[in-house]
Amino acid sequence: MGDLCSLLLLVDGASGNDSEVTEFVLLGLTETPALQPILFVIFLLAYAVTVGGNSSILAAILAEPKLHTPMYFFLGNLSLLDVGCISVTVPAMLRHFMSHNRGIPYQACLSQLFFFHLLAGVDCFLLTVMAYDRYLAICQPLTYSTRMSWGIQQALVAMSCVFSFTNALTQTVALSTLKFCGPNVINHFYCDLPQLFQLSCSSIQLNEQLLFAAAAFMGVAPLILITVSYAHVVAAVLRIRSPEGRKKAFSTCGSHLTVVGIFYGTGVFSYMRLGSVEASDKDKGIGILNTVISPMLNPLIYSLRNPDVQGALRQVLTRRQPPK
């Protein structure tokens, strides 16, 4: 963490002399004073539910030996990412609800941008890895244990982190080269690329090209891999003669597909409309779906039709030992 802060300081120092803006102002969700206490309570509860729900999923996976499988290892990592993602945006938003000062320093804005793209990027790759895991488990069951060994699981998560870190750092450094010499008001509740591009008084052509390349590498390519994986899964499941077998196979994939749909659906709306000032208020709603609603719903989605997770959660919440 210290090395990253030092790096961001160097980035700020490299571009700060050319920039007159030292602080941005986040308008947040509303400028109506009467609504702010209500929104504070709503989002505080949402934050508590998200942290509690994802922590419960993680505790259940750690406590239940039946869940010590690759699929739940990746799900545990996804729960950690959900907690991190909502922690990047919501605590700052809660602070702004209770304060008249909605300013965010330039360096803090860059830091928030970096961590948001880091966590969202790992989330993107991890969803792809989970689709690949389901493909191996259903289509290649005889070689599943060797092709998804503990070492390979760790390597896949590590590669997801490295790729996402590289992209987040690239986007942040590229943004730091822009000049912000005029307006500093961001019509959003957190710092993100589309809104910051609108405030730049220098060319954003390179930044848009980098974002387009990142969207292809971290958005389109993973989505294609997920689609191909599930096309093979569906074909394999349809060959199962037992209705119970088909139902069980589809149930393990339905939750993942729901999360993928929410994640990519909100991502497309957020980043495919660069430069549209009129879309800013709509982007707030998309941002809430992406940073608050999705992390909050993921534990429910993954446990709703999963008896193993439900049983482990009951044991964790009631602190009972599993029957021997």
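The legends below describe several views of one predicted protein model.

**View 1. Overview of the predicted chain and its helices and strands.** The secondary structure of this protein, as predicted, comes to 11 helices and 3 strands. Read from the N terminus on, these elements follow the order α-β-α-α-β-α-α-α-β-α-α-α-α-α. Of the 324 residues of the protein, 46% count as buried, and the accessible surface comes to about 16,200 Å², with 67% of that area belonging to carbon and sulfur atoms. Among contacts between residues at least 6 apart in sequence, 79% join residues at least 24 apart.

**View 2. The largest nonpolar core, centred in this view on the residues with the most contacts inside it.** This core has 59 residues, and those with the most contacts inside it are Phe43, Phe74, Leu75 and Leu127. The elements that give two or more residues to the core are helix 2 (36-63), helix 3 (70-97), helix 4 (106-139), helix 6 (150-176), helix 8 (205-238), helix 9 (243-271), helix 10 (280-304) and helix 11 (307-318). Helix 4 supplies the largest share of this core, with 14 residues.

**View 3. Phe43 and the residues that it touches.** When residues up to four places away in sequence are not counted, Phe43 touches Leu29, Val90, Met93, Leu94, Phe97, Ile288 and Val292. A second, separate core, which has 19 residues, includes Phe180, Ile186, Cys191 and Ile204.

**View 4. The disulfide between Cys109 and Cys191.** The structure holds 2 disulfides, and one of them joins Cys109 to Cys191, with a distance of 2.1 Å from S to S. The link of Cys109 and Cys191 is left-handed, with -125° about the S-S bond. Cys109 lies in helix 4, whereas Cys191 lies in the loop between strand 3 (185-186) and helix 7, so the disulfide ties together parts that are 82 residues apart in sequence. Both Cys109 and Cys191 are buried, and Cys191 is also included in the second core.

**View 5. The disulfide between Cys181 and Cys201.** Here a disulfide joins Cys181 to Cys201, with a distance of 2.0 Å from S to S. This pair links distant parts of the chain, since Cys181 is in the loop between helix 6 and strand 3, while Cys201 is in the loop between helix 7 and helix 8, 20 residues apart. Cys181 counts as partly exposed because its relative accessibility, 39%, falls between the 20% and 50% limits. Cys201 is likewise partly exposed, with a relative accessible area of 40%. When the bonded cysteines of the protein are numbered in sequence order, the pairing is 1-3, 2-4.

**View 6. Ser200 in the loop between helix 7 and helix 8.** Ser200 is found in the loop that runs between helix 7 (193-199) and helix 8. With a relative accessible area of 15%, Ser200 is buried, because this value is under the 20% limit. Not counting residues up to four places away in sequence, Ser200 touches Leu178, Lys179 and Phe180, and Phe180 is included in the second core of 19 residues.

**View 7. Two further cysteines, Cys161 and Cys253.** Cys161 counts as partly exposed, at 34% relative accessibility. Cys253 is in no disulfide, and the nearest cysteine sulfur, that of Cys139, is 8.9 Å away. Cys253 is buried, with a relative accessible area of 2%.

**View 8. A nonpolar patch on the surface.** Met159, Val162, Phe163 and Phe217 form this patch, and together they have about 370 Å² of accessible area. Helix 6 gives the most to the patch, with 3 residues. Val162, which is found in helix 6, is partly exposed, with a relative accessible area of 49%.

**View 9. The salt bridge between Arg134 and Asp133.** A search of the whole structure finds 1 salt bridge. In this salt bridge Arg134 is paired with Asp133, and the closest N and O atoms are 2.9 Å apart. Both Arg134 and Asp133 are buried.

Terms used:
Residues numbered from 1 in each chain as written. Predicted model: local features only at pLDDT ≥ 70, side-chain atom pairs only at ≥ 80, totals over all residues. Heavy atoms only, no water. Core = buried A, V, L, I, M, F, W, Y, C linked by side-chain atoms within 4.5 Å. Buried < 20%, exposed > 50% of the residue type's maximum accessible area, 1.4 Å probe, protein only. Helix = DSSP H or I, 4+ residues; strand = E, 2+ residues; numbered from the N terminus. Contact = heavy atoms within 4.5 Å. Disulfide = S-S within 2.5 Å. Patch = residues over 30% accessible without salt bridge, like charges linked within 9 Å, V, L, I, M, F, W, Y side chains within 5 Å. Areas by Shrake-Rupley, 256 points an atom, 1.4 Å probe, with all protein chains shown as cover. Salt bridge = Lys/Arg side-chain N within 4 Å of Asp/Glu carboxyl O.
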